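Please read this briefing with the structure open beside the text, and find each helix and residue as it is named. Terms are explained where they are introduced.

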Amino acid sequence: MQQKYHLRGANKHFVSEYLSSMMKPVESPWVMLGPSFQLFRGIIIALVLLPVRGFIFEKKGFIKLAWLVLGFSFISTIGPAPGSFDGYIYTLLPVSYHLGAIPEALLYTVLFSGIISLWYKFERKYITIISAIFISLILFMSIGGFLASGKAIGV
């Protein structure tokens, strides 16, 4: 039995002939749990950046960190992700899909680098509390979406 997908917003791109073979449907329980799994990604990124934190935050830390994140997570990815250098070369995705990934990558880079820089620049306790609240909300909404789906994880 096939599921019907509402073709609104970003969902229409995920069910397109290009992305449907590499992306799970938006209604998938794994996709709903995805934001919760980002917690582990954050821990990995923190462990990777830990040895170079002195270099990054000596002078112009925001710019150094932004270049590092942009370089490794967008321009020179380990695989042919949409919008990456390898993505342009190896995938069959139209140029519009690659160009559509650029604003997200730039926003991610600026927000990540800016929040880390603010955390180092200002009182950490205040920003840590706000971050913990946002992370808790994201976890609760992600798990809530998964539980509301009522689907098995074997998707």
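What follows takes up two helices, a pair of aromatic rings and a pocket.

This is a predicted model, in which local features need pLDDT of at least 70 and side-chain atom pairs count only at pLDDT 80 or more, while totals for chains, interfaces and linings use all residues. Residues are numbered from 1 along each chain as its sequence is written, and side-chain values use heavy atoms, with hydrogens and water left out.

**Helix α4**

- Helices here are DSSP runs of H or I with at least four residues, numbered from the N terminus.
- Helix α4 covers residues 61-75, and its 15 residues should span 21 Å at 1.5 Å a residue (the expected span is 1.5 Å times one less than the number of residues), which agrees with the 20 Å between its end C-alpha atoms.
- The buried residues of α4 (buried means under 20% relative accessible area, exposed over 50%, and partly exposed in between, with a 1.4 Å probe and protein chains only) are Gly61, Leu65, Ala66, Val69, Leu70 and Phe74.
- Seen down the axis of α4, these buried residues fall within an arc of 145 degrees (taken from the directions from the helix axis to the C-beta atoms), so they line one face of the helix.
- The face of α4 turned away from the buried side carries the exposed residues Trp67 and Phe72.
- The buried residues of α4 pack against α2 (29-49), α3 (53-56), α5 (85-90) and α6 (95-121), where contact means heavy atoms within 4.5 Å.

**Helix α6 and its rings**

- Helix α6 has 27 residues and reaches 39 Å from its first C-alpha to its last, close to the 39 Å expected at 1.5 Å a residue.
- Ser117 lies in α6 and is buried, with a relative accessible area of 16%; leaving aside residues up to four places away in sequence, Ser117 touches Phe57, Gly61 and Phe62.
- A search of the whole structure finds two aromatic pairs (rings of Phe, Tyr and Trp, the last by its six-membered ring, with centres within 6.5 Å; planes under 30 degrees apart count as stacked, over 60 as edge-to-face and the rest as tilted).
- The rings of Tyr108 and Phe112 have centres 6.0 Å apart and planes at 10 degrees, so this pair is stacked.
- Tyr108 and Phe112 both lie in α6, four residues apart, about one turn of the helix.

**A pocket**

- Among the residues lining the second largest pocket are Val69, Phe72, Tyr108 and Phe112.
- A pocket is an open set of points on a 1 Å grid over the protein atoms alone, where a 1.4 Å probe fits, with protein on both sides within 12 Å along at least five of seven lines, and lining residues have an atom within 4 Å of a point.
- The largest share of this lining, five residues, comes from α2.

Conventions
Helices (H or I, at least four residues) and strands (E, at least two) are DSSP runs, numbered from the N terminus.
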